[in-house]
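Please open the model in your viewer and keep the selection panel at hand. The stops below can be taken in order, each beginning with something to select.

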Amino acid sequence: MAGGLSGLRVLDLSQALSGPYCSTILADQGAEVIKIEPPQGEIFRHMGPYYRGEWSCYFVGLHRNKRGVVLDLKKRSGREAFVDLVRVSDVVLNNFRPGVLERLGISYTQMKEVNPRIIVASITGYGSDGSCQHRTAFDLAVVASSGVLSVTGTEEGELVKPGVPVADLAAGMFATIGILTALTERNLSGLGQHIDISMFDTQLSMLSYLVSWYTATGE
């Protein structure tokens, strides 16, 4: 049986966890996901300690139901091939640092010139603008800076790292929601848009009622 997202083509430039988790959700629902890797390969292909054949279990578990292609986006030929794919695709997903797409010459503005319907979803640590945009972001740092870590631990006050990378996984889920929302809006306007997902913002959202408690009590 075809999935609900059959016919949707996603170009996945992301690596590590947040972006690949998002594209895995889309692929599991029937989207055609084309994972674009640099010549040296995805950074987590060889991340231990467990392996399935030559590839890390980490990598294998996050890339089921996907196609793959190698493009060197630092070379003109690679960028031209990527732009050709953008012309016939629906979504481009990335988790680069702010400014990387622009430096590569494949910004959202440039992509929408060749395909006005393209939806670009960018996952960053602290957003694509603002004073914190260039801060180094990884899961535990974001969990700590957002305040999630302060409510994870023992009654004695000892902080405990969450058992799963909640900042990465939440960013992937929120990116999925953003993409599906943008697709619905595109059915009305005929145009794509740029989605900016901040890992930090997703953690504030997940604090939910705790933020309400703080604003009400100051504690």
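Select arginine 64 in this predicted model: with a relative accessibility of 41%, the residue counts as partly exposed, because it falls between the 20% limit for buried and the 50% limit for exposed. Now add aspartate 28 to the selection, and the two side chains are found to meet in a salt bridge, with 2.8 Å from N to O. This pair links distant parts of the chain, since aspartate 28 belongs to helix H1 (residues 18–28) while arginine 64 sits in the loop between helix H2 (57–62) and strand S5 (66–70), 36 residues apart. Aspartate 28 is likewise counted as partly exposed, at 34% relative accessibility.

Stay in the loop between H2 and S5 and select asparagine 65, which is found there. Its phi is near 60 degrees, a positive value in a residue other than glycine. Most residues other than glycine have a negative phi. Asparagine 65 is exposed, with a relative accessible area of 51%.

Next, select arginine 45 together with glutamate 37, whose side chains form a salt bridge at 2.7 Å, N to O. Are these two partners buried or exposed? Arginine 45 counts as buried at 17% relative accessibility, and glutamate 37 counts as buried at 6%.

For the next stop, select helix H3 (residues 76–87), in which arginine 76 and glutamate 80 are 4 residues apart and therefore separated by about one helical turn. Their side chains meet in a salt bridge of 2.9 Å, again given from N to O. Arginine 76 counts as exposed, at 63% relative accessibility, whereas glutamate 80, at 40%, counts as partly exposed. Elsewhere, a selection of Arg9, Glu32 and Arg67 brings up one network, joined by salt bridges that share partners. A search of the whole structure finds 8 salt bridges.

Move now to the backbone and select glycine 48 and proline 49, which are joined by a cis peptide bond with omega at about 10 degrees. Most peptide bonds are trans. Proline 49 is found in the loop between strand S2 (32–37) and strand S3 (51–52).

Then select serine 208, which lies in the loop between helix H8 (199–207) and helix H9 (209–217). Here phi is near 45 degrees, a positive value in a residue other than glycine. Serine 208 counts as partly exposed, at 43% relative accessibility.

Finally, clear the selection and display the whole protein chain, whose secondary structure comes to 9 helices and 8 strands. The C-alpha atoms fill a box of roughly 55 × 45 × 40 Å along the principal axes. The radius of gyration is 18 Å, which agrees with the value near 17 Å that a compact globule of 219 residues would have. Buried residues make up 42% of the 219 residues, and, among contacts between residues at least 6 apart in sequence, 70% join residues at least 24 apart. If you colour the surface by element, the protein chain exposes about 11900 Å², of which carbon and sulfur atoms supply 55%. Colouring by charge instead picks out 19 positive and 22 negative side chains, and the centres of these two sets lie 10 Å apart.

Methods:
Residues are numbered from 1 along each chain as its sequence is written. This is a predicted model: local features need pLDDT of at least 70, side-chain atom pairs count only at pLDDT 80 or more; totals for chains, interfaces and linings use all residues. Side-chain values use heavy atoms; hydrogens and water are left out. Helices (H or I, at least four residues) and strands (E, at least two) are DSSP runs, numbered from the N terminus. The radius of gyration is taken over C-alpha atoms; the globule rule is 2.2 Å times the number of residues to the power 0.38. Buried means under 20% relative accessible area, exposed over 50%, partly exposed in between (1.4 Å probe, protein chains only). Contact means heavy atoms within 4.5 Å. Accessible areas come from the Shrake-Rupley method with a 1.4 Å probe; for residues, only the protein chains shown count as cover. Lys and Arg count as positive and Asp and Glu as negative; His and the chain ends are not counted. The place of a charge is taken as NZ of Lys, CZ of Arg, CG of Asp or CD of Glu. A salt bridge is a side-chain nitrogen of Lys or Arg within 4 Å of a carboxyl oxygen of Asp or Glu.
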